[in-house]
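Work through the exercises below with the sequence and the structure open beside you, and try each task before you read its solution.

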Amino acid sequence: MSGWGPAVRAAVIGALLVLVMTAPTLTHLTTVGRVDTNDGRFGIWNIAWIAHALTTDPKHILDANIFYPHTGTLAYSELNLVAGVLGLPWYVVTHNPLAALNGAVASALWLAFVLMWALVRRLSESDGAGLVAATAFTFCPYVASKTAEIQLLMIFVFPLVALAFHRCRERPGVGRAVELGGALAISALACGYYGLFAGCALGLLVLVFADRSPRYWGALVVAVVVAAALVFPVYRAFTHAREASGAVLAPHAEAEVRGYSSHLSDYFASSSAAHDWWLPSLARWKPWVEVLFPGLGVLLFAAICLAGYAGADVARRRQTLGYALLAVMAAWASFGPALKLYSILDAVVPGMSLIRAPARFGIVVTFALSVLAGLGVARVSARRRWLPAVLVLLVASELGVRTAEWGWPSWPLRVADPPSVAYRTLATLPRGVFVEFQFPYVSSNYHNHATAMFWSTYHWQPMVNGYSDVIPPDFDAIALPINGFPDPASFAIMKERQVRYVLWHVDYYQGASRDVLLDRLARFTSNLRPIVQTQDTWLYEIVQWPE
């Protein structure tokens, strides 16, 4: 089990698989992204902002450039600090927001592969079994269905926490306890959902693998203290910023939670091309909430592992029991309040009430089944050293995603348009508050502000536009009247917020609405200076406030 050779081999194989299975994420690093969805645009903005802030003004990393004049606005949604750090090197090299997100995704999946390999190798003592399990987990259908949600791609936290736990259990001590505490903290900072899920999973593994050694329990106490010490300052800043927004914050209603709970159909839903043939029948039976099918290969080798339970030694039986129980409990919790376990967790686990989608527990099911599959592969490949290599190729082939634009294998990414001359000009202008029109004013359409947020990654001017989980009440108050600009009422809003630059996407204004805009601009020519006027965009500077 010693030596760097197997680890280097796993790292190289993982990198190659990430390159191929997620194409064009790395092959078109600076030009593609999920720019076709507001979740995708929001994620690009989020990761690029963190990288931008870390390289310019780290002390104000929470003061993102949206919802001006509010501060702490990065905390209005998930922080995604870990993903931002993963994207930082890519942003430093390219200064490109798409590269920051694509690089963060590739780095996170590479970490998932290497850590899963290390975990299963430690449990099974088989390099090949680790490679098969890592392939199955890293490229599972759930991951390919979350290409627009960067925080949900941070799946590496599950093998990270499990690996740290097993290391700590084997040789409990302060050093290993700090590793485990750090792993828990990383999981919480990578994704709020995954931090809670990883904590619940760890609690179960602690009980299954428990022994009577005081060092064991003492190390676990140290790990919890370390995790709390690392997470608490960030959590405090996060909650204070959200409270300062003035928005009313409350746990999600049970009806909403039930709507985001799993159905049985979720565990048959898949994003992989090899599984397309059964999806039409599945949709007619029951629509799914999440994509949670783990893969045929995973199910087959997990079953082989379970079938060999009776004949295994004590250590292997405990491993099988622990991860089988984890899969069962996570699946049970994913069905939400209807099956009660989630309600129990909600009552006893701090922070559980803040999440609304129990169905996402399904990724823990896939994680546990992938570990069992690795143990199954180790069982059947002991005398067939060539078998894991074949299985890696078969599993990768089964889990590949096909898109019409890129072929197979590929992710559903889109080529982004280059920034317009207006945005490029904004990047060269002195710092000033910015408003982009049209300005969505109906709460159900606020998510469309994500387009302006995405384009702000090319100029980083502070802007009144914004979208997040938390919406400040004063934003609701101005969202409709600000669309009258330029008129006296909207000028008052602009003056209060010290707005300097205004951009209209004039191609959105047709017929009567365009005539109204032109008439208003004609009445305020002394107050507004045109900077850029193209067929699609008009950029103006407010040079004087009207009497």
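**Exercise 1.** Which helix supplies the largest share of the lining of the second largest pocket?

*Solution.* Keep in mind throughout that this is a predicted model. Begin with the space itself, since the second largest pocket holds about 580 Å³. Of the 26 residues lining this pocket, those closest to its centre are Tyr423, Thr451, Trp455, His505 and Tyr508. Next, look for elements that give at least two lining residues each, and you find helix 18 (421–426), strand 3 (433–437) and helix 19 (450–456). Of the lining, helix 19 gives the largest share, with four residues. Finally, sort the lining by residue type, which yields 12 nonpolar, nine polar and five charged residues.

**Exercise 2.** Find out whether helix 5 is largely enclosed or not, and check its length.

*Solution.* First compare the lengths: the 12 residues of helix 5 (residues 127–138) should span 16 Å at 1.5 Å a residue, and the end C-alpha atoms are 16 Å apart, which agrees. Then count the buried residues, and because 11 of the 12 are buried, helix 5 is largely enclosed by the rest of the structure. Among them are Gly128, Leu131 and Phe137.

**Exercise 3.** How many disulfides does a search of the whole structure find?

*Solution.* The search finds zero disulfides. Take Cys140 as a test: the closest cysteine sulfur, in Cys191, is 14 Å from its own sulfur, which is too far for a bond. Cys168 is likewise in no disulfide, with the nearest cysteine sulfur, that of Cys200, 19 Å away. As for accessibility, Cys140 counts as buried because its relative accessibility is 0%, and Cys168 counts as buried at 2%.

Terms used:
Residues numbered from 1 in each chain as written. Predicted model: local features only at pLDDT ≥ 70, side-chain atom pairs only at ≥ 80, totals over all residues. Heavy atoms only, no water. Expected span 1.5 Å × (residues − 1). Buried < 20%, exposed > 50% of the residue type's maximum accessible area, 1.4 Å probe, protein only. 1 Å grid on protein atoms, 1.4 Å probe; cavity = no way out; pocket = protein on both sides within 12 Å on 5 of 7 lines; lining within 4 Å. Points joined across faces, edges and corners; volume = space filled by probe spheres on them. Nonpolar A, V, L, I, M, F, W, Y, C, P; charged D, E, K, R; others polar. Disulfide = S-S within 2.5 Å.
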